[in-house]
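Student: I'd like a close look at one part of this structure, with its surroundings built up step by step. Could you walk me through it?

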Amino acid sequence: MFEDLQPAPTDKILALIGLYRADPRTDKVDLGVGVYKDRDGKTAVMRAVREAEKRLLQSQDTKTYLGLAGDLAFNEVMAKLVFGDSADFTRIRAAQAPGGSGALRLAAELLKRTRPDATVWISNPTWPNHVPMMRGAGLTIAEYPYFDAVSGSVRFDDMLATLKTAKPGDAVLLHGCCHNPTGANLSIEQWTRVTDLLVERGLLPFVDIAYQGFGEGLEADAAGLRLVAGKVPEMLVASSCSKNFAVYRDRVGAAMILAKSGTEADIALGHMLAAARTLYSMPPDHGAAAVRVVLQDKELRADWEAELEEMRQRMLRLRVAFAEALRRQSNSDRFDFIAEHRGMFSRLGLTEAQVDRLRTEHGVYMVGDSRINVAGLPEDGLDKLAQAIVSVLD
Ligand code: PMP
């Protein structure tokens with residue numbers, strides 16, 4: 001029966017890893033995969049997470065099932081991390097999920113159960129996995145314009161104009177911060193205008209926050225989401241700990257619901273967990289438990305925040321230095337937007353052919369849409385890299 005299958009489409013980003021590994025050049029540069037890397041190209045275990053793991057190893061005396069919602073204390077601290085201490089927690093519920101991806105799928109499954117005909121509006125461009133994930137839950141998707149490749153900024157008026165055509169009950173998938181793949185984000189003023197539109201048109205905000213702490217800081221990165229939460233009756237959130245706790249492979253995330261009342265929130269959570277039961281039953285414990293230990297312990301939390309802040313500052317410094325190198329090498333301000341963007345990614349605005357040439361001629365690897373991982377920029381080789389980029393422009 002398997003002879004009837006055609007090969008599944010390969011994930012372009014994962015395929016790039018293979019090409020990079022097979023490249024024998026010693027001065028190759030990996031700007032592809034979306035994981036944070038330090039100066040030496042390593043994705044280290046964070047100090048506080050390692051300490052939390054040690055404590056867990058010593059104290060954990062059972063590995064029996066925890067239940068569909070996973071670690072309840074984790075859910076509580078995560079909801080606070082995302083919504084802030086002063087949110088209305090009587091209306092908020094959270095469920096631990098396998099990564100931000102699992103959280104997105106759980107939120108989508110809940111939406112499908114409550115509004116089977118809803119369209120999910122996603123930004124163009126967006127993280128490519130948003131599309132199959134929403135479709136996988138049986139939802140319809142539509143796009144709103146988001147990014148102007150020439151100026152490197154958000155097409156805000158076009159975005160609003162398109163969202164005005166959404167029907168009440170539709171959901172709008174918003175990147176909480178650090179937009180992937182563009183790095184171009186909404187200002188607080190723009191978040192306010194989006195919120196007004198959501199309320200006016202009866203649209204459901206569905207916020208994907210996968211990089212909290214990577215943009216302007218832990219609190220500032222959640223400011224847009226919190227502003228929305230303070231004004232709308234209902235909302236869905238998918239949050240990931242993969243990047244900000246560097247627990248990528250442990251699969252740690254949380255799906256959150258803001259409902260009109262506590263009773264409605266409980267019922268919605270029940271449906272989300274029923275969906276989880278049919279997908280994977282229960283989420284993996286270890287990473288979430290480590291995150292919970294970090295967030296509950298004053299000293300570990302302070303150390304985690306300090307290390308996260310170092311990572312954020314490194315990306316900011318790299319952004320500024322890379323924009324300067326590109327300015328020097330190109331004698332133009334074409335790439336200045338890189339210094340204005342926030343998060344791990346920016347899109348350079350190159351064609352696929354130019355991206356291919358960078359890989360074959362210069363050993364510089366980036367995703368086909370010219371998305372670069374800022375954390376992968378070589379601190380001591382920015383001018384050489386900028387020169388390579390400028391050389392493929394004509
Ligand atoms: N949302 C966005 C925008 C992302 O970039 C990612 C990770 N690349 C995720 C969600 C999911 O991350 P994970 O499932 O690894 O936690």
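Student: Is Arg-347 buried or exposed, and how many other C-beta atoms lie within 10 Å?

Tutor: Happy to take that one. Keep in mind that this is a predicted model. Arg-347 is buried, because 24 other C-beta atoms lie within 10 Å, and the cut-off for that label is 20 or more. The residue belongs to strand E11, which covers residues 345-347.

Now for the neighbours. Leaving aside residues up to four places away in sequence, Arg-347 touches Ala-149, Pro-181, Thr-182, Gly-183, Asp-369, Ser-370 and Arg-371. One of these contacts shows how the chain folds back: Gly-183 is 164 residues away from Arg-347 in sequence, yet their C-alpha atoms are 7.2 Å apart.

Pro-181, another residue that Arg-347 touches, deserves a pause. Its peptide bond with Asn-180 is cis, with omega about 20 degrees. Most residues other than glycine have a negative phi, and most peptide bonds are trans. Pro-181 sits in the loop between strand E7 (171-175) and helix H7 (188-201). The loop between E7 and H7 also holds Cys-178, which has a positive phi of about 50 degrees although it is not a glycine. Cys-178 is buried, because 26 other C-beta atoms lie within 10 Å of its own. If you are checking backbone torsions around Arg-347, this loop is a good place to look.

Two further backbone features can be set beside that loop. The peptide bond from Asn-124 to Pro-125 is cis too, with omega near 5 degrees, and Pro-125 is placed in the loop between strand E3 (119-124) and helix H5 (130-136). Arg-251 has a positive phi near 60 degrees, again in a residue other than glycine. Arg-251 lies in the loop between strand E9 (235-240) and E10, and it counts as buried because 22 other C-beta atoms lie within 10 Å.

Strand E10 (253-258) leads us to helix H9, since E10 is among the elements that cover the buried residues of H9, along with strand E2 (92-97) and helix H4 (99-114). H9 runs over residues 262-279, 18 residues in total, and reaches 26 Å from its first C-alpha to its last, close to the 26 Å expected at 1.5 Å a residue. Its buried residues are Ala-265, Ala-268, Leu-269, Met-272, Leu-273, Ala-275 and Ala-276. They cover an arc of only 155 degrees around the axis, which puts them on the same side of H9. The other side of H9 carries the exposed residues Thr-263, Asp-266, Arg-277 and Thr-278. The general rule behind such patterns is that an α-helix has 3.6 residues a turn, so residues three or four places apart point the same way. Just after H9, Ser-281 takes a positive phi of about 70 degrees.

H4, which helps to cover H9, also contributes three residues to the shell around the ligand, the largest share. That shell has 13 residues, and the ones that come nearest are Gly-99, Gly-100, Ser-101, Ser-240 and Ser-242. By type, the shell divides into three nonpolar, nine polar and one charged. For a contrast with buried Arg-347, consider Leu-14 in helix H1 (residues 12-22). Leu-14 is exposed, because just 10 other C-beta atoms lie within 10 Å. The C-alpha atoms of Leu-14 and Gly-99 are separated by 18 Å, with their positions 85 residues apart along the chain.

Helix H14 (residues 382-391) offers a second example of a helix with a buried face, made up of Leu-385, Ala-386 and Ile-389. These residues fall within an arc of 100 degrees when seen down the axis, so they line one face of H14. Their cover includes strand E1 (29-30), helix H11 (298-330), helix H13 (352-362) and strand E12 (364-365).

Finally, the records. An unreviewed UniProt entry annotates residues 26-389 as "domain: Aminotransferase class I/classII large". Over residues 26-389 the chain is 45% helix and 15% strand, with the end C-alpha atoms 18 Å apart. The unreviewed entry also annotates residues 294-328 as "coiled-coil region", and in the model that stretch is 97% helix and 0% strand, with its end C-alpha atoms 43 Å apart.

How values were computed
Residues are numbered from 1 along each chain as its sequence is written. This is a predicted model: local features need pLDDT of at least 70, side-chain atom pairs count only at pLDDT 80 or more; totals for chains, interfaces and linings use all residues. Helices (H or I, at least four residues) and strands (E, at least two) are DSSP runs, numbered from the N terminus. The expected span of a helix is 1.5 Å times one less than its number of residues. A residue is buried if 20 or more other C-beta atoms lie within 10 Å of its own, exposed if 12 or fewer, and partly exposed in between; C-beta atoms are placed from the backbone. The arc is that of the directions from the helix axis to the C-beta atoms. Two residues are in contact if their C-beta atoms, placed from the backbone, lie within 7 Å. UniProt positions are given in the numbering used here, feature names are shortened, and annotations may be inferred rather than shown by experiment. A residue is near a molecule or strand if its C-beta atom, placed from the backbone, lies within 6 Å of it. Ala, Val, Leu, Ile, Met, Phe, Trp, Tyr, Cys and Pro count as nonpolar, Asp, Glu, Lys and Arg as charged, and the others, Gly among them, as polar.
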